[in-house]
Each structure stands twice: as structure tokens, then as C-alpha cells.
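Trainee: Could you walk me through this model, one question at a time?
Mentor: Gladly, let's have a look together.

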Amino acid sequence: MTATLFDGIGLLYTGDPEREEIQDAALLVEDGAVTWLGPAAETPGGADERVDVAGRAVIPGFVDSHAHLIFAGDRTAEFQARMSGEPYTGGGIRTTVAATRRAGDAELATHALALVREMARQGTTTVEIKSGYGLTVEDERRSLELATALTDETTFLGAHVVPEGVDADDYTRLVAGEMLTACAPFARWVDVFCERGAFDGDQTREILTAGRRAGLGVRVHANQLGEGPGVRIACELGAASADHCTHLTAADVDALAGSGTVATLLPGAEFSTRSPYPDARRLLDAGVTVALATDCNPGSSYTSSMAFCVALAVREMRMTPLEAIRAATYGGARALRRTDVGWLRPGARADLVVLDAPSYVHLAYRPGVPLVHQVFQGGLLLQEDIQNPPSVVVL
Ligand SMILES: [Zn+2]
């Protein structure tokens with residue numbers, strides 16, 4: 001077993017609420033996990049090798065708790081039309097469904113892997129992946145089976161949209177019955193797009209309750225396009241996360257504050273649909289745990305960059321840089337009910353991002369700039385496309 005000491009860390013953002021920032025820090029990794037971290041002056045002995053990050057900032061790997069990566073096709077034209085003044089309705093999902101059903105397994109798997117790698121290069125070391133572009137028993141099942149090769153955090157989203165020409169109640173029964181049975185072995189979570197034009201409160205409750213009975217954790221696409229019952233159902237059913245939360249009533253905020261449900265904000269969607277952003281301040285001031293995620297999908301938010309979401313959160317949602325980095329790491333882990341990622345402290349997985357910057361604040365201060373210098377996952381350097389291998393000194 002090799003013990004690796006990371007030192008020369010100008011500023012360590014840990015994600016651990018008990019000690020979030022350490023100046024002039026060092027961190028010890030053994031067997032893929034953090035075993036010690038603290039001021040460099042207090043570094044214990046016993047390291048076999050040393051990685052000097054030369055004064056750069058280090059943060060935990062981003063936890064992207066909301067992404068739709070199993071799909072085929074392209075919706076450039078829809079984006080172009082929207083940016084020329086047409087409103088977002090959610091109807092374009094059906095375009096992706098048609099392309100996904102036509103695609104072979106290898107095409108879907110290769111494309112999703114490319115997106116996961118694109119994310120990793122940008123510092124994302126944990127990603128959740130949803131189904132939801134199949135909408136038949138077999139297409140949802142195979143989407144999830146392909147996703148299990150890429151992450152442990154797989155989510156059954158058969159209830160993404162009601163397929164063309166199908167009765168919504170009939171489809172709800174299919175999702176909560178035969179489709180759930182086929183998909184549950186490949187899923188950790190169940191999710192529903194609870195929205196006018198997608199699934200109403202009763203349908204949402206039926207599917208989530210069935211998912212929970214099948215042993216899946218609950219998460220909900222809630223209150224994206226307008227007010228509705230999604231957030232309250234999420235809290236009532238003990239969901240790990242209510243995602244979007246763009247249109248909230250006072251009762252919704254109270255429900256979130258009084259529950260263990262995280263509010264996951266997806267500002268890439270508001271950016272890409274030119275819509276008003278969620279009121280993050282109202283949630284934070286009420287004491288709600290907030291996460292940030294990309295919602296990476298071909299229709300409403302085709303970004304894989306957590307750093308971009310951090311910048312949007314700071315500039316457009318008035319989160320402080322500290323609140324935004326916390327939401328992108330610790331918050332995302334809470335939204336997936338994970339305690340091994342999203343923070344750096346003894347026992348946590350050694351998922352580290354070394355920034356070409358003196359502070360995490362640069363993620364918002366220098367928007368759009370590729371600041372990720374190196375990414376370590378479980379203590380191992382992600383080599384692919386990284387131009388700067390670390391200089392490891394064997395001690
Ligand atoms: Zn989504």
C-alpha cells in the first residue's frame with residue numbers, strides 16, 4: 001500500500017462543514033482514501049511519495065447529481081429556434097426518444113462514456129445518470145443497464161414524458177408496474193417529471209410509491225416550469241432530492257426546510273432555455289440544503305460543466321462563491337445520500353481536483369476558463385487528455 005502526500009496546497013476547500021477551508025495545506029492518501037489532512041506544518045510522517053501542487057487550490061471532485069446521458073441525436077435546431085424567440089415547452093424530449101430508440105446499444109454506450117469522460121476532465125468524479133429517453137419497457141431497461149457500466153448512481157426515469165399517442169394513466173400504470181419491475185435491478189433511484197404536460201401529482205405519487213416499494217430511493221423533477229405539487233410530494237415521500245425548484249410557493253420552501261430533502265438547482269437549464277433562475281437565496285436563508293448539478297441533456301441544458309453551473313449560481317442566483325462550491329460538492333453528495341464523496345476528510349474517497357488557480361473563487365471569477373489542472377479519482381490521476389502529469393517525488 002502506497003501512502004501519497006499531496007502538499008504545496010495553497011488553499012484546500014474540503015467540503016467538510018466542520019472545517020471547510022485550510023490555507024497552506026497538505027493531504028495524505030492511502031489505498032484510495034484520505035487518511036489525514038491539515039496545515040502543511042503539521043504533516044505526519046510515513047508518506048512513500050509526494051505530489052507537490054505548487055501553491056494551487058484543491059477541491060473535492062464535483063458531484064453532479066442530475067444528468068441525462070443515455071441518448072442519441074442532436075437538438076441544435078431546437079436550441080437555435082429557442083434562441084430566436086420560441087419558448088421551451090419540454091415537447092422536444094420526444095425527438096430524442098425517437099433517436100434513442102433507433103440507436104444500438106454500442107452507440108448509446110460510446111456516447112455516454114464520452115460524456116462521462118468530458119465531465120471527468122472538468123473535475124466531476126461522481127455523476128448520476130438517468131434513463132428516460134426510451135419510454136418502453138425494453139428501451140428503459142437497456143438504458144439503465146448501459147448506465148450501470150458508468151456509475152453506481154442510476155435513476156429510473158420512465159416517467160420523463162408521456163409517449164406520443166399513449167393515455168397518461170395507462171402509461172403511468174405501465175411505468176409503476178411492468179417497466180419498474182424490468183428496470184429496478186439496474187437502478188438505485190426512481191424519478192418522475194412532475195409538471196403540467198408531463199405527470200400530475202397523483203401519477204407522480206403512484207410511480208414514486210411503487211419505486212420505493214421496489215427498494216429504490218426517490219428523487220423528483222419538481223416545479224421547473226411552474227408551481228405544482230412536485231416539491232411537496234418529494235418532501236412527503238422522503239425524497240433525497242427535489243430537482244429544479246424554479247417556481248416555489250412559501251409552503252414549498254417550508255416543506256423543504258422541514259425535511260431531509262435537498263433542493264437541487266440546475267441553472268444550466270434556465271440559461272439554455274432563457275428562463276428565470278430559481279431563488280437560491282430564499283432557499284439558503286430558510287436553511288434548505290442546496291445542491292448544484294448540470295442537468296446535462298441534449299434539449300434543455302447541454303453542458304457537462306459543473307464550473308459553469310458554479311459561475312451561474314454566483315452571478316445569476318446570488319449565491320456566494322463558498323455557497324456555490326459547497327452546493328457543487330457537499331450538496332451533490334447529500335442529494336445522492338453519499339458520505340464517501342463530495343468532501344475531503346479522513347475516510348472519504350480521494351477524489352481531488354487541482355485547480356490552476358489560487359482559490360475555488362476563480363471558478364466564478366474566471367467563468368468559462370479551463371481551470372482544472374489535474375483530477376485524481378480514488379487517489380489515481382486521470383491521465384486522459386490531461387496535459388500536465390504530476391511530478392511525483394518518491395520519498
Ligand atoms: Zn433533468
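Trainee: What spacing do the donors of the zinc ion follow along the chain?
Mentor: In this predicted model, local features need pLDDT of at least 70 and side-chain atom pairs count only at pLDDT 80 or more, while totals for chains, interfaces and linings use all residues. Residues are numbered from 1 along each chain as its sequence is written, and side-chain values use heavy atoms, with hydrogens and water left out. Donors are N, O and S atoms within 2.8 Å of the metal (3.2 Å for Na, K and Ca), and sites may look incomplete because water is not among the atoms. Along the chain, the zinc donors follow H-x1-H-x152-H-x73-D.

Trainee: Which protein residues are those donors, and how far from the zinc ion do they lie?
Mentor: Three histidines give their NE2 atoms, H66, H68 and H221, and D295 gives OD. H66 sits in the loop between β6 (62-64) and α1 (76-83), and D295 in the loop between β14 (290-292) and α11 (306-317), 229 residues apart; helices (H or I, at least four residues) and strands (E, at least two) are DSSP runs, numbered from the N terminus. The distances of H66, H68, H221 and D295 from the zinc ion are 2.1 to 2.5 Å.

Trainee: Why does the arrangement around the zinc ion count as irregular?
Mentor: Four donors are tetrahedral if all angles lie between 85 and 135 degrees; four are square planar and six octahedral if opposite donors are over 155 degrees apart and all others between 65 and 115, and anything else is irregular. Here the arrangement is irregular because the four donor atoms subtend angles of 81 to 167°.

Trainee: Is H66 buried or exposed?
Mentor: Buried means under 20% relative accessible area, exposed over 50%, and partly exposed in between (1.4 Å probe, protein chains only). H66 has 0% relative accessibility, so H66 is buried.

Trainee: What kind of aromatic pair do F71 and Y133 form?
Mentor: The structure holds seven aromatic pairs. Rings of Phe, Tyr and Trp (its six-membered ring) pair if their centres lie within 6.5 Å; planes under 30 degrees apart are stacked, over 60 edge-to-face and the rest tilted. With centres 6.1 Å apart and planes at 70°, F71 and Y133 are edge-to-face.

Trainee: Which residue joins F71 and Y133 in one aromatic cluster?
Mentor: F71 is buried, at 1% relative accessible area, and Y133 is buried at 1%. The residue in one cluster with F71 and Y133 is Y302.
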